[in-house]
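Trainee: I should like to learn how the features of a model of this kind are read. May we take them in turn?

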There are 2 protein chains.
Amino acid sequence: MNVATTIAFGGSRLDRADHVRADPARLAALKNSSARLLRLEGLMPVLDEDGALQWGSLDEAGEDAELVFLGLIDGRGMFAAVPDVGDTAPAYAIRNVWQVLGQLSPADLATYGGARSLVDWHARHRFCARCGNPTAITKGGWQRNCTRCDAQHFPRVDPVAIMLVEHEGKLLLARQSHWPPRRYSALAGFIEPGETIEEAVAREVFEESGVQVRDVRFVANQPWPFPSQLMIGCHAYAENTDLVIDTTELEEAHWFTRDEISAAMAGDESGRLLMPPSVAIAYQLMKWWLEQ
Amino acid sequence: MNVATTIAFGGSRLDRADHVRADPARLAALKNSSARLLRLEGLMPVLDEDGALQWGSLDEAGEDAELVFLGLIDGRGMFAAVPDVGDTAPAYAIRNVWQVLGQLSPADLATYGGARSLVDWHARHRFCARCGNPTAITKGGWQRNCTRCDAQHFPRVDPVAIMLVEHEGKLLLARQSHWPPRRYSALAGFIEPGETIEEAVAREVFEESGVQVRDVRFVANQPWPFPSQLMIGCHAYAENTDLVIDTTELEEAHWFTRDEISAAMAGDESGRLLMPPSVAIAYQLMKWWLEQ
């Protein structure tokens, strides 16, 4: 499968220009009048009338603002300022999130997603987890160092396994209680220290649904900026179909037929399934599965 | 490919028993006389004469010790105590690391790796990154909460892309200056916020070697406990072969022929290549490539 080029939040035009980060003189030189500052309201983007990300000049950031170097576009330094507070809320808890982000081009969506994860991380890491003293931004915003114990801290990306579980042509999908009615999606969970992707898939599916799986394989992946996950999309076959739902995580789970998923994908809202938003990897995994 | 069952640091016998973590009564009941405590000296395991992990009773941990619930084996609660200090050193900087760990069975190695990552994370996260106040262990050691601002903190797993880059039957391998002479391995780098695995592979290879790649695909993965990475092994084809080495990261990089890699894999130490240790996913990726 190659959904990499079509997956939402991938495909930014930014050149991350890693070598610039560790070069203070080069970085300072990029903070010139052609540099651009991503306009944010809190962690949400400010859009122009065509639905593109708005960029201002660096003057718009306060004098004491922490500036993160996102990378280069057409040779210009592109920056974002760290907001006062971060936000670990999941996407569904953010008002109008898809109405706003749905206006962005794929490249803008990816640029925004990466910037959001990064500035949010800074806002939530102003202190050293090792000793409790203040940290200071360095390497153009790709690192924070403790001002006291010299511990180094790096932006975080949390790998998450998300999986289509199949049994005789049906897929196991589940919903959380705070989602819109009839919205179902793929099971998912954080990969823990000391486990492979395959082990995480098997553990999460069993914990949440009581289903045992085999033949886990990788299908596709996606960065997800609420706040900073790497979604690792997999497919697996179920060994059993009786469901024992973990109701602390899920409200319901069901086996859905190919016809039900196909109808929901085609926009039919009369069934028992409404698709996840198309920006979610779960949607792309289901599309891939139907096309197989 | 299915190296999941043979990859080092995967395949623990532990049942992580996720439901126990959030159940204080159940967790307390497991801290009984049949509970076992992983014996560690700092972050290294203590082995018995057969090269198995040593486990003691919970009494061996001090009264104030922070105990992490690793999971269940044969119904017994398996625990580890958080050491005074953590350690982010890479494996090559740990004295005798493969001599010690090479004695462990695959299941013990996986149990140890997960435990090491987890207790190390606790030792380095005793304070809240958001506000600087002390954090307290909760959920059996799968979470820390700030005692002041209520921020929740979770054990960290850092996804890393590691990739075989191929051109006309040769592989691009590189070495760092502090490695043993003639040891080469696959290029690798941390996946950053806002990028897909494929984008991270392309960026890292270009940054470190000047080579542009296409057709990135996932091959295998491995948890790596120095301190807590998820190694995501990929294969890609090179578009060009001239090397521009980033000497801040690498000492040398070369294209190696199939014959050179095959000879090194067979134990021939007369060539210009010595293999990475077999516990490393780079070794397994090269083995997979030769067997293709």
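Mentor: The discussion below moves from the contact between the chains to helices, single residues and the backbone. Please keep in mind throughout that this is a predicted model.

Trainee: Let us begin with the contact between chain A and chain B. How many residues does each chain give to it?

Mentor: Chain A contributes 44 residues and chain B contributes 44 residues. On the side of chain A that touches chain B, the elements giving two or more residues are helix H4 (106-123), strand E10 (158-167), helix H5 (197-209) and strand E13 (213-224). Sorted by class, that side of chain A holds 19 nonpolar, 13 polar and 12 charged residues.

Trainee: How is a single helix read, for instance helix H4 of chain B, and what length does it reach?

Mentor: One compares the span with the expected value, and then asks about burial. Helix H4 of chain B, residues 106-123, has 18 residues and extends 26 Å from its first C-alpha to its last, close to the 26 Å expected at 1.5 Å a residue. As for burial, 14 of the 18 residues of H4(B) are buried, so this helix is largely enclosed by the rest of the structure.

Trainee: How many residues of helix H5 of chain B are buried, and which are they?

Mentor: Helix H5 of chain B, residues 197-209, has 13 residues and reaches 18 Å between its first and last C-alpha, close to the 18 Å expected at 1.5 Å a residue. Of those 13 residues, 11 are buried, so H5(B) is largely enclosed by the rest of the structure. Among the buried residues are B:Ile197, B:Ala200, B:Val201 and B:Val205, and also the charged-side-chain positions B:Glu198, B:Glu199, B:Arg203, B:Glu204 and B:Glu208. Just after H5(B), B:Gly210 takes a positive phi of about 80°.

Trainee: And how does one describe a pair of helices that pack together?

Mentor: Two packed helices are described by the angle between their axes and by the distance between those axes. In chain B, helix H6 (residues 258-265) and helix H7 (residues 281-291) pack at an angle of about 120°, with their axes 11 Å apart. That angle makes H6(B) oblique to H7(B). The crossing of H6(B) past H7(B) is left-handed.

Trainee: Which residues of H6(B) and H7(B) meet?

Mentor: From H6(B) come B:Arg258, B:Ile261, B:Ser262 and B:Met265, and they meet B:Met286, B:Lys287 and B:Leu290 of H7(B). By class, this contact has 4 nonpolar, 1 polar and 2 charged residues. A general point helps in reading such lists: an α-helix has 3.6 residues a turn, so residues three or four places apart point the same way.

Trainee: What do the buried residues of helix H7 in chain A pack against?

Mentor: In H7(A), residues 281-291, the residues A:Ile281, A:Ala282, A:Gln284, A:Leu285 and A:Met286 are buried. The buried residues of H7(A) pack against E10, E13, strand E14 (229-238) and helix H6 (258-265) of chain A.

Trainee: Turning to single residues, is B:Met78 buried or exposed?

Mentor: The usual approach is to count neighbours, with 20 or more other C-beta atoms within 10 Å marking a buried residue. B:Met78, in strand E6 (residues 76-81) of chain B, is buried because it has 25 other C-beta atoms within 10 Å. Setting aside residues up to four places away in sequence, B:Met78 touches B:Leu14, B:Arg36, B:Leu70, B:Gly71, B:Leu72 and B:Ile73.

Trainee: What is the corresponding count for A:Phe206?

Mentor: A:Phe206 is found in helix H5 of chain A. With 17 other C-beta atoms within 10 Å, A:Phe206 is partly exposed. Beyond its neighbours within four places in sequence, A:Phe206 is in contact with A:Val211 and A:Gln212.

Trainee: Finally, which backbone features deserve attention?

Mentor: One looks for cis peptide bonds and for positive phi values. A cis peptide bond joins A:Phe226 and A:Pro227, with omega about 0°, and A:Pro227 is in the loop between E13 and E14 of chain A. In chain B, B:Phe226 and B:Pro227 are also joined by a cis peptide bond, with omega about 0°.

Trainee: Where does B:Asn96 lie, and what is its phi?

Mentor: B:Asn96 lies in the loop between E6 and helix H3 (97-101) of chain B. Its phi is near 60°, a positive value in a residue other than glycine. B:Asn96 counts as exposed, with 9 C-beta neighbours inside 10 Å.

Key
Residues are numbered from 1 along each chain as its sequence is written. Chains are lettered from A and ligands numbered from 1 in the order in which they are written. This is a predicted model: local features need pLDDT of at least 70, side-chain atom pairs count only at pLDDT 80 or more; totals for chains, interfaces and linings use all residues. Two residues are in contact if their C-beta atoms, placed from the backbone, lie within 7 Å. Helices (H or I, at least four residues) and strands (E, at least two) are DSSP runs, numbered from the N terminus. The expected span of a helix is 1.5 Å times one less than its number of residues. A residue is buried if 20 or more other C-beta atoms lie within 10 Å of its own, exposed if 12 or fewer, and partly exposed in between; C-beta atoms are placed from the backbone. Axes are lines fitted to C-alpha atoms, for helices over the stretch in contact, and angles run from 0 to 180 degrees between N-to-C directions. Angles under 35 degrees count as roughly parallel, over 145 as roughly antiparallel, 65 to 115 as roughly perpendicular and the rest as oblique. A crossing is left-handed if the near helix is turned anticlockwise from the far one by less than a right angle, and right-handed if clockwise.
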